[in-house]
Amino acid sequence: EVGRKSLDEIVKMALFEKATPQAVAQMWLHHHDYAIQYVGKVLSRAAYSALSPRLQQNPFFVIPVFRDKGLFNVIVNNHRDLSIVSPLGEYQKQGDLVQPHMTMQFFTELQKSKGLVLMRSEIKDKVLTRQDAYHITTTFLRYYTYPHCFAFVEEFNKNSNQFDFHRYLRHMKEDAKQWSTQKSLHHIDILDKTFTWSDRPGKIDTPGTD
């Protein structure tokens, strides 16, 4: 499939397998800190277990990308552990044949042994900047996890005729104000579980590895 990779194509698996979950998270995030075309995230096993069915049951979502003079929308199309990002206008013309301008992939190779799922967003060309990629990635995670945000995702997929884009845009702007005052580690109550995802080294809880 377009854009899908295995973790051993990116990192030395032997090194990760010997490291503690905390060290794995630190290495992964540090590896992506200064990359121009990548954004790295780390999710706990519980976080991904709760997130995964939501991605499968709600395969599409629209995310606005802001510019100095307005905005344009991208569509996110989820395929199991890989999400493809393309401008909405291109998707409306080309459908499933549209070329991805960015991918977001969840790597589950260490889910059992370390209790972690590693996430990577990869920019494919110059349509999107790293700032765009960070915005899309964090918005994507936030709207598929927080209940007050996920309601928009469900409406978009299951009742699209009722989806109010302007209400969604207002909610995003209001939510961003609160989001900007919070720490990089976010505790999310969802499906009767509390889990974490992080974008800063040394800021992730170490889940159990039972």
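Here's a quick look at one helix crossing and one buried strand. Keep in mind that this is a predicted model. The helix part concerns α3 and α6, whose axes come within 10 Å. The strand part is about β6, which pairs antiparallel with β1 and also with β5.

**Where α3 meets α6**

- Helix α3 spans residues 45–57 and helix α6 spans residues 130–145; their axes cross at roughly 95 degrees.
- Angles of 65 to 115 degrees count as roughly perpendicular, so that's the label for α3 and α6.
- On the α3 side, the contact is made by Leu-51, Arg-54 and Leu-55.
- Across from them, α6 brings in Phe-140, Leu-141, Tyr-144 and Thr-145.
- Sorted by class, this contact has five nonpolar residues, plus one polar and one charged.

**How β6 is covered**

- Strand β6 takes up residues 116–123, and eight of its eight residues are buried, so the rest of the structure largely encloses it.
- Both faces are covered, with Leu-116, Leu-118, Arg-120 and Glu-122 buried on one side.
- The other side of β6 holds Val-117, Met-119, Ser-121 and Ile-123, and these are all buried too.

**Who β6 pairs with**

- Strand β1 (residues 38–44) runs antiparallel to β6, and seven bridges join the two.
- Within that pairing, Gly-40 has Arg-120 of β6 as its bridge partner; Arg-120 is also one of the buried residues.
- Strand β5 (residues 102–107) pairs with β6 over six bridges, in the antiparallel sense.
- Here Met-102 has Ile-123 of β6 as its bridge partner, and Ile-123 is buried as well.

Notes:
Residues numbered from 1 in each chain as written. Predicted model: local features only at pLDDT ≥ 70, side-chain atom pairs only at ≥ 80, totals over all residues. Heavy atoms only, no water. Axes fitted to C-alpha atoms, helices over the stretch in contact; angles between N-to-C directions. Helix = DSSP H or I, 4+ residues; strand = E, 2+ residues; numbered from the N terminus. Parallel < 35°, antiparallel > 145°, perpendicular 65-115°, else oblique. Contact = heavy atoms within 4.5 Å. Nonpolar A, V, L, I, M, F, W, Y, C, P; charged D, E, K, R; others polar. Buried < 20%, exposed > 50% of the residue type's maximum accessible area, 1.4 Å probe, protein only. Pairing = 2+ DSSP bridges.
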